[in-house]
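The report below describes a predicted model of a complex, moving from the contacts between chains to the sheets and domains within one of them.

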Amino acid sequence: MAFQLDARTPSGPLEHRWSKAKQEMKLVSPANRRKYTVIVVGSGLAGGSAAATLGELGYNVKCFSYHDSPRRAHSIGAQGGINAAKNYQNDGDSAYRLFYDTIKGGDFRSRESNVYRLAEVSVDIIDQCVAQGVPFAREYGGTLANRSFGGAQVSRTFYARGQTGQQLLLGCYQALERQVDAGRVRMFHRHEMLDLVVIGGRARGIVTRNLLTGAIDCHVADAVVLATGGYSNVFYLSTNAKACNATAIWRAYKRGAGFGNPCYTQIHPTCIPQSGDYQSKLTLMSESLRNDGRIWVPKKKGDTRNPNEIPEEERDYYLERMYPAFGNLCPRDIASRAAKLMCDQGFGVGPSGRGVYLDFKEAIGRLGRKTIEERYGNLFEMYEQITAEDPYSVPMRIYPAVHYTMGGLWVDYHLQSTIPGLFVLGEANFSDHGANRLGASALMQGLADGYFIAPYTVGHFLAQVKPGGVEAEHAEFRAAKEQVEQRTRRLLSIQGKKTVDDFHRELGKIMWEYCGMARNATGLKHALEKIPEVREEFWHNVNVPGSAEELNQSLEKAGRVADFFELGELTCLDALEREESCGGHFREEHQTEEGEAKRDDERFCHAAVWEYAGEDKPPVRNVEPLQFEFVHLAQRSYK
Amino acid sequence: MKIILNIWRQKNSSSPGKMVRYELDKVNEHMSFLEMLDVLNEDLARKGEDPVAFEHDCREGICGCCGFMVNGIAHGPERSTTVCQLHMRHFRDGDELWLEPFRAKAFPVIKDLVVDRSAFDRVIAAGGYISINTGSAPEANSIPVERQRADRAMDAAACIGCGACVAACPNASASLFVSAKIAHLGLLPQGEPERDRRAVRMVLKMTEEGFGYCTNTGECEAICPKGVKIENIARMHRDFTRAVALYREASKAAGAH
Amino acid sequence: MGTIALNSGLERTAFFYQSVVGKKVVMAVTGCVLSLFVLGHMLGNLQVYQGAEKLNHYAALLQGLGGGLWVVRLVLLACAGLHVLSAYQLWRLKLDARPTPYIKKATVATTYAARTMIWSGPIVLAFIIYHLLHFTTGQAHPDFRHGDVYHNVIAGFSSPAASLFYIAANILLAFHLYHGVWSMFQTVGVNHPRYTPWLKRLSKAYAWVIGIGNVSIPLAVLTGIVK
């Protein structure tokens with residue numbers, strides 16, 4: 001059985017499509033809304049804003065989070081800012097320009113209509129957030145300040161110091177708590193979704209585990225919204241928070257939701273390198289550092305001298321050498337791959353040999369220490385706190401790390417997955433970012449989905465169904481609950497010799513080695529053999545201490561890692577099948593002579609949508625062709 | 001290096017807890033404090049023992065999940081640092097450390113070093129927001145905000161809700177947390193219309209949740225990983241007193257949703 | 001959270017006092033009245049250095065106020081009562097708010113004065129009662145003469161035990177003010193980064209002045225400077 005992939009994109013002029021779609025949507029009358037129950041899983045920017053807005057509209061909302069509070073969601077980690085086509089700087093920005101930049105940045109692998117809508121509602125997001133009290137940076141005149149971000153030619157990024165994600169999340173969290181107080185949203189803290197229940201082809205609820213008591217509960221709804229974030233933690237070491245996981249979207253996939261483009265993962269070039277085996281996560285340093293820092297490695301392999309003792313002529317400023325036009329400011333994926341190349345060839349620096357220098361000496365000499373302090377003071381402090389090295393006197397060491405996943409559950413224009421009644425928002429969906437996401441666009445997409453898109457499209461769906469009609473005692477709910485319990489028992493009964501983290505690290509190494517920054521068929525095939533082996537061992541040799549009826553952090557981790565194995569495999573498979581390079585997906589076999597990503601629009605101008613075919617059966621690859629009516633497909637060049 | 005850890009172990013909220021001593025030999029000075037606990041936990045798991053439960057997530061000092069007492073100081077000895085950003089290089093070989101959960105009636109212990117901070121959510125739900133439904137916002141630049149005011153609002157808004165202020169306060173007061181929100185929203189013109197209502201409701205909720213009162217010792221400000229100032233507490237007292245004393249129709253003002 | 005009804009003045013006052021903020025504000029405002037009184041009281045008493053006539057004349061002047069004196073006394077009594085009541089209730093709240101104490105607890109910012117408020121308060125209260133019985137009503141005085149304040153002071157402080165108690169209690173009072181005066185401003189909402197350091201200095205200076213002024217009298221009597 002193959003998916004019938006109908007993207008439900010409206011026709012007509014690009015700029016009228018969303019208005020037209022909204023006008024055609026069916027409505028639920030205000031008096032009837034409370035009869036409909038909507039489950040929202042996840043309470044970050046996308047989930048929190050959706051739950052709050054659906055609550056404001058009068059629906060009966062149940063919102064689930066594995067955290068103790070919605071304010072902990074990892075949206076909080078975003079530093080840089082949020083894009084919006086406000087054109088406050090009078091520098092020629094417009095919805096169309098933001099749309100075009102996003103399509104191009106995504107290497108022409110996203111849907112035009114969706115991306116245009118994103119750019120269109122971006123302006124409303126800023127209005128909404130300011131009204132909520134988000135303390136964005138301002139000019140002396142009291143108006144909002146902007147900066148240029150990630151190489152954009154216009155200044156359209158709004159920011160709140162280096163804590164934009166935090167401030168947007170707090171605004172959204174406060175709106176959510178307001179609805180909790182009003183009794184329209186019920187929060188289920190410390191509840192993890194472990195399965196999706198589909199009845200009669202419709203998403204009808206979820207099965208959760210109460211992380212404090214271990215109770216497995218069924219929750220019935222008329223629509224289910226997943227906003228559970230990305231899956232970078234498949235790689236073990238990433239810039240994601242420790243608890244970020246793919247369990248919700250993975251279980252939905254196994255219940256029939258198509259998984260779009262899992263191989264589109266983004267690597268961020270400026271992270272603090274790993275310092276040892278005990279490393280638990282990687283810390284991102286803002287990309288803005290590359291504006292003034294120069295990246296180099298020693299010309300001699302394995303040079304362990306203090307960097308300040310290495311003379312100028314023995315340094316290789318490789319980005320400036322390889323990409324003279326853009327130099328240190330070349331795009332994320334190019335900078336990342338070049339760093340890996342240098343380290344693979346033995347030029348890497350630092351104790352692990354996996355790092356390159358980011359040097360501010362020249363900039364300090366040119367601009368003075370004070371200017372550098374003003375621009376990057378907080379980042380330098382953060383670096384020193386972690387590494388105990390002073391970046392004013394010793395070059396920083398950086399290395400790329402997995403940062404964001406553009407892939408996710410496939411959704412149509414209504415953000416509905418292949419399962420009717422199952423909506424997917426934010427990083428969890430296969431998103432508007434195509435094969436690569438631009439800086440400051442993740443926050444924008446999460447909030448666009450949650451505040452301004454899902455409330456309409458979920459309502460449209462609900463208007464066409466009768467509320468209720470299913471009880472938690474339904475056979476499908478009972479069966480799903482039984483399966484969840486069985487799985488938990490199984491994890492606890494193995495009592496093997498290795499810890500969950502041992503396995504997670506092992507999976508991470510395979511993924512990073514063969515499905516990281518640069519991929520090739522041989523490596524991916526090797527990974528596809530290796531992952532099932534390690535997974536097999538996991539199910540026979542993992543040790544999960546404790547019991548199911550208590551707070552058991554090892555058990556939580558084990559369930560998530562078990563899903564990462566399967567998703568990691570699908571990611572490799574998708575990377576193998578996509579025989580082209582685009583955005584964050586770089587296949588070594590497909591590059592220009594200059595080492596640039598080479599797309600194959602003839603064969604791969606489509607989204608790959610994977611369909612679960614059953615245990616031990618290979619998944620089915622469906623495609624949604626991408627049509628470009630408004631932009632011309634061009635090859636990126638940063639030479 | 002070697003570190004001796006005395007950790008509060010408590011199976012669940014209803015059972016009594018006790019300090020348990022662990023010796024850890026393979027501590028690397030570049031490890032973060034939580035990575036050191038990860039190593040301990042992996043050792044315990046391999047031995048089939050129950051790992052130490054502690055909360056953590058982003059490990060970048062922004063999510064506010066982590067936090068416990070290290071030698072009697074919330075988040076440990078380094079200033080402006082959450083315990084996830086505290087590194088072992090600040091300790092010496094052979095140091096003996098005492099790890100205890102944050103203690104307050106409003107923060108009951110769930111397990112080991114994990115406490116229930118949901119009281120903070122309830123205080124926010126009582127009034128820590130600006131009532132604006134999605135879609136009804138005016139154009140963002142229609143209300144200018146003085147730059148210094150916006151900066152001060154941001155200073156207060158930097159709070160990560162970790163609860164260290166409550167833990168460090170001799171009276172287990174949540175004044176710093178609550179006042180940071182009252183100040184953040186009250187400083188902005190957008191938050192002005194609800195300023196009185198917010199102060200009244202949040203202070204009432206804070207009292208109901210069983211938090212103590214402020215004796216102006218400044219402990220909270222000193223250990224706050226985000227440098228939130230007790231200046232905000234003064235503002236909260238001012239706003240609350242004014243709201244209760246001067247409001248003409250307090251019933252309507254304080255109650256209506 | 002439901003509706004909060006504050007329809008009458010009584011409801012309003014009760015609501016205010018029942019909150020943790022209200023009790024502290026009451027404590028601060030009464031503390032302010034009491035610390036001003038302490039200053040005035042000290043300035044009056046320092047007239048002991050100007051001789052018996054001056055001091056006794058001042059005492060007679062106060063007595064001459066008649067009903068006015070009682071108004072002042074009642075206000076002071078009410079302030080002291082509210083100050084003690086709110087302190088007691090807040091102390092109970094403190095015990096409630098952290099039922100399980102820490103095994104290890106370190107302080108980072110708390111001054112000695114702030115840490116000791118909780119027992120400098122009760123000792124000062126005990127001292128005030130003794131002081132009233134000693135110099136106002138005379139029951140605790142070995143040789144009390146109505147109207148001859150100068151004599152009472154000299155005679156009272158001739159006992160080293162009484163003088164030492166006065167000295168100790170006034171040092172504690174100074175500590176109490178050292179934290180209390182600044183704290184009072186903070187509690188009623190006066191805090192500004194530019195002026196707060198000055199308020200803290202004022203608070204310290206106030207405590208030193210009161211401390212030195214009050215301690216000097218028994219010391220002067222003991223050492224024979226004032227006879």
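Two residues are taken to be in contact if their C-beta atoms, placed from the backbone, lie within 7 Å. On that basis, 42 residues of chain C are in contact with 45 residues of chain B. The elements that give two or more residues to the side of chain C that touches chain B are helix H1 (9-18), helix H2 (20-45), helix H4 (67-97) and helix H8 (160-187) of chain C. By class, this side of chain C, where it touches chain B, has 23 nonpolar, 11 polar and eight charged residues.

Chain A also touches chain B, with 62 residues of chain A in contact with 66 residues of chain B. On the side of chain A that touches chain B, two or more residues are given by each of helix H3 (45-57), helix H5 (112-132), helix H6 (164-181), helix H12 (442-462) and helix H16 (553-577) of chain A. Of these elements, H6(A) gives the most to the side that touches chain B, with nine residues. The side of chain A that touches chain B is made up, by class, of 22 nonpolar, 25 polar and 15 charged residues.

As the model is predicted, the confidence values belong beside these contacts. The predictor gives the complex an ipTM of 0.96 and a pTM of 0.96. For chain C the mean pLDDT is 94, and 100% of the residues of chain C reach 70 or more. Where pLDDT is low, the predicted coordinates should not be read in detail.

**Sheets of chain A**

The two open sheets of chain A are set side by side here.

| Strand order (chain A) | Pairing | Average turn between neighbouring strands |
|---|---|---|
| S5-S2-S1-S9-S17 | parallel | 20° |
| S6-S7-S8 | antiparallel | 25° |

In the five-stranded open sheet, strand S5 (185-188) and strand S17 (422-424) of chain A stand at the edges, each with a single partner strand, so one side of each is left without a neighbour in the sheet. Strand S9 (residues 223-226) of chain A is joined to S17(A) by three bridges, and the two strands run parallel; within this pair, Val224(A) has Leu422(A) of S17(A) as its bridge partner. H12(A) packs on this sheet, where it touches strand S1 (37-41), S9 and S17 of chain A, and the direction of H12(A) makes about 155° with that of S9(A). H12(A) is also among the elements that give two or more residues to the side of chain A that touches chain B.

In the three-stranded open sheet, the edge strands are strand S6 (191-199) and strand S8 (216-220) of chain A, each of which pairs on one side only. Strand S7 (residues 202-210) of chain A pairs with S8(A) in the antiparallel sense over five bridges, and Arg209(A) stands opposite Ile216(A) in S8(A). Helix H13 (residues 475-493) of chain A lies across S6, S7 and S8 of chain A and runs at about 140° to S6(A).

A further pairing in chain A involves strand S11 (residues 265-271), which is joined to strand S15 (residues 396-405) of chain A by five bridges, with the two strands running antiparallel. Thr265(A) stands opposite Thr405(A) in S15(A). Seven of the seven residues of S11(A) are buried, so this strand is largely enclosed by the rest of the structure.

**Domains of chain A**

The domain assignment of chain A gives domain 1 (267-403) and domain 2 (475-617). The centres of domain 1 of chain A and domain 2 of chain A, taken over C-alpha atoms, are separated by 30 Å. The contact takes six residues from domain 1 of chain A and six residues from domain 2 of chain A. On the side of domain 1 of chain A that touches domain 2 of chain A, the largest share, four residues, comes from helix H9 (residues 332-344) of chain A. The residues on that side of domain 1 of chain A divide into two nonpolar, one polar and three charged.

**A residue of chain C**

Is Tyr88(C) buried or exposed? Tyr88(C) lies in helix H4 of chain C, and, with 12 C-beta neighbours inside 10 Å, Tyr88(C) counts as exposed, because the cut-off for that class is 12 or fewer. Tyr88(C) and Ile118(C) are 30 residues apart in sequence, and their C-alpha atoms are 9.3 Å apart in space.

Key: Residues are numbered from 1 along each chain as its sequence is written. Chains are lettered from A and ligands numbered from 1 in the order in which they are written. This is a predicted model: local features need pLDDT of at least 70, side-chain atom pairs count only at pLDDT 80 or more; totals for chains, interfaces and linings use all residues. Ala, Val, Leu, Ile, Met, Phe, Trp, Tyr, Cys and Pro count as nonpolar, Asp, Glu, Lys and Arg as charged, and the others, Gly among them, as polar. Two strands pair if DSSP finds at least two bridges between them. Axes are lines fitted to C-alpha atoms, for helices over the stretch in contact, and angles run from 0 to 180 degrees between N-to-C directions. pLDDT is the predictor's confidence in each residue, from 0 to 100. Domain bounds come from an automatic or database domain assignment. A residue is buried if 20 or more other C-beta atoms lie within 10 Å of its own, exposed if 12 or fewer, and partly exposed in between; C-beta atoms are placed from the backbone.
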